[in-house]
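Me: I'm at home with gels and assays, but less so with structure files. Could you walk me through how to read a few features?

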Amino acid sequence: MQSWPATTVPELPGRGPQLRLYDSADRQVRPVSPGETATMYVCGITPYDATHLGHAATYLTFDLVHRLWLDGGHRVHYVQNITDVDDPLFERAARDGIGWRELGNRETELFRQDMSALRVLPPHHYVAATEAIAEVVELVEKMLASGAAYVVEDAQYPDVYFRAEATVQFGYESGYDRDTMLRLFGERGGDPDRPGKADQLDALLWLAERPGEPSWPSPFGPGRPGWHVECAAIALDRIGTGLDIQGGGSDLIFPHHEFSAAHAESVTGERRFARHYVHAGMIGWDGHKMSKSRGNLVLVSRLRAEGVDPAAIRLGLLAGHYRADRSWSAAVLDEAQTRLRHWQAATTLQAGPAAGDVLARVRQYLADDLDTPKALAALDGWCTDALQYGGHDEGAPRLVRDAVDALLGVRLP
């Protein structure tokens with residue numbers, strides 16, 4: 001699958017400090033310690049509708065990680081998937097009277113346009129589930145061979161399931177008790193009451209062919225991948241074991257990330273699929289989480305069509321801490337637009353106050369679990385000083401422009 005174009009990232013003087021991030025499994029902020037090449041897998045969209053601000057907030061979070069790693073001197077190996085074969089896609093395509101592939105391709109292209117407009121650095125591998133069928137089949141074969149998976153004894157639909165008890169550490173990522181797991185499993189795409197399963201928590205690996213649905217051949221019968229296994233297969237194939245970060249929205253902690261990690265661990269024997277599990281908070285509107293099922297979406301493409309500068313969208317989302325559930329509103333956008341004009345005015349001055357200190361503080365705040373509110377406040381302060389009191393450093397406005405571009409992904413004129 002084609003990714004979107006990369007933007008040029010300015011190189012700043014010096015190096016940023018080591019990144020520290022909250023790890024969902026350890027429930028604490030701790031250092032991220034990649035090697036020369038940092039590795040990251042972030043779960044992508046199911047392309048049955050346009051990109052909303054909840055999506056954008058998640059991908060901006062990991063764009064910051066990407067940029068901070070580059071600023072720290074690392075190469076970055078970043079992989080993202082697209083779940084382009086799934087029930088919601090079929091349902092929306094049937095509702096709209098178009099083919100599921102046509103719908104998926106259309107919405108994926110719109111997503112690419114939104115990410116490009118928001119200046120999100122693209123993944124090195126952008127992989128559709130339908131492009132990874134061979135990898136999924138191979139992984140399921142390994143789980144069947146080891147006993148981590150089994151075929152439901154159903155004469156009509158011999159689906160393949162993963163045993164939740166296949167890894168002794170299952171549940172470490174979310175830390176949830178069984179009752180919570182069962183509730184979330186049922187709410188988020190699981191099938192706890194499917195007859196023939198060994199355990200209600202066992203997760204689907206391979207859905208046997210159903211009438212009117214796409215399918216691919218496999219040694220265990222024609223069908224299509226389950227949701228969680230596609231990410232495990234793609235990550236293992238494109239990155240390998242021991243990735244530095246597995247990321248996504250907080251609603252993916254369970255069951256999606258818990259199971260994708262367990263799938264990989266059951267065949268590699270590793271204690272942890274990723275060294276860090278990082279999750280972004282939810283974006284709300286009108287008191288509720290922004291979601292397609294509620295129909296309360298604020299779409300990036302719609303804001304762009306209304307003439308909203310993508311830089312203002314970006315600043316509005318970065319005004320809150322990435323882990324916090326927060327709301328979008330007209331006031332948030334107004335504040336972001338005001339901030340953008342303020343920064344633009346200050347960085348077009350011929351000279352300003354020395355900017356070395358503000359660069360150091362922005363780097364430090366971002367390295368401390370992506371504290372964007374403090375980083376934005378530090379830049380607000382420099383811009384206010386520049387506009388009110390001036391300065392004699394002719395290189396300072398350019399340094400601030402480059403820092404805002406390189407670290408926050410906001411290009412100022």
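Me: How much space lies in the second largest pocket?

Reply: Rolling a probe the size of a water molecule over the atoms shows where empty space is left. This is a predicted model, and here the second largest pocket holds about 160 Å³ of space.

Me: Which residues line the second largest pocket?

Reply: Going along the chain, the lining is made of Tyr22, Ser24, Arg27, Glu173, Ser174, Tyr176, Ser250, Ile253, His279, Gly281, Arg323 and Asp325. Sorted by class, that lining has three nonpolar, five polar and four charged residues.

Me: Let me pick one of those. Where does Arg27 lie, and what is its phi?

Reply: Arg27 lies in the loop between strand S1 (20-23) and strand S2 (28-31). Its phi is near 55°, a positive value in a residue other than glycine. Arg27 counts as partly exposed because its relative accessible area is 44%, and the partly exposed class runs between the 20% and 50% cut-offs.

Me: Where is Leu370 placed, and is Leu370 buried or exposed?

Reply: Look in the loop between helix H11 (356-367) and helix H12 (372-389) for Leu370. Leu370 has a positive phi of about 55° too, although it is not a glycine. With a relative accessible area of 1%, Leu370 is buried.

Me: On to sheets. What is the strand order in the open sheet of five strands?

Reply: In a regular strand the side chains alternate between the two faces of the sheet. For the order itself, read across this open sheet: S5-S4-S3-S10-S11, with parallel pairing. Strand S5 (125-128) and strand S11 (274-280) are the edge strands, each pairing on one side only. On average, neighbouring strands of this sheet are turned by 20° against each other, direction ignored.

Me: How many bridges join strand S3 to strand S4?

Reply: Six bridges link S3 (residues 37-42) with S4 (residues 75-82), and the two run parallel. As one example to find on screen, Val42 has Gln80 in S4 as its bridge partner. S3 is also mostly covered, with five of its six residues buried.

Me: What about S8? Which way does S8 run against strand S7, parallel or antiparallel?

Reply: S7 (residues 160-162) and S8 run antiparallel, joined by three bridges. Phe162 has Ala203 in S8 as its bridge partner. S8 also pairs in the antiparallel sense with strand S9 (residues 223-225), again over three bridges, and there Ala208 is partnered by Gly223 in S9.

Me: And why is S8 largely enclosed by the rest of the structure?

Reply: Count its covered residues: five of the six in S8 are buried, so the strand is largely enclosed by the rest of the structure.

Me: Just before S8 there's a loop with Arg194. Is Arg194 buried or exposed?

Reply: Arg194 sits in the loop between helix H5 (178-187) and strand S8 (203-208). Its relative accessibility is 14%, and buried means under 20%, so Arg194 counts as buried. You can also check a distance here: the C-alpha atoms of Arg194 and Val152 are 9.6 Å apart, with their positions 42 residues apart along the chain.

Me: Last one, then. Which peptide bond is cis, with omega near 5°?

Reply: That's the bond from Phe254 to Pro255. Pro255 has its place in helix H7 (residues 253-268).

Definitions and conventions: Residues are numbered from 1 along each chain as its sequence is written. This is a predicted model: local features need pLDDT of at least 70, side-chain atom pairs count only at pLDDT 80 or more; totals for chains, interfaces and linings use all residues. Side-chain values use heavy atoms; hydrogens and water are left out. On a 1 Å grid over the protein atoms alone, a cavity is a set of points where a 1.4 Å probe fits but cannot get out, and a pocket is an open set with protein on both sides within 12 Å along at least five of seven lines; lining residues have an atom within 4 Å of a point. Grid points are joined across faces, edges and corners, and a volume is the space filled by probe spheres set on the points. Ala, Val, Leu, Ile, Met, Phe, Trp, Tyr, Cys and Pro count as nonpolar, Asp, Glu, Lys and Arg as charged, and the others, Gly among them, as polar. Two strands pair if DSSP finds at least two bridges between them. Helices (H or I, at least four residues) and strands (E, at least two) are DSSP runs, numbered from the N terminus. Axes are lines fitted to C-alpha atoms, for helices over the stretch in contact, and angles run from 0 to 180 degrees between N-to-C directions. Buried means under 20% relative accessible area, exposed over 50%, partly exposed in between (1.4 Å probe, protein chains only).
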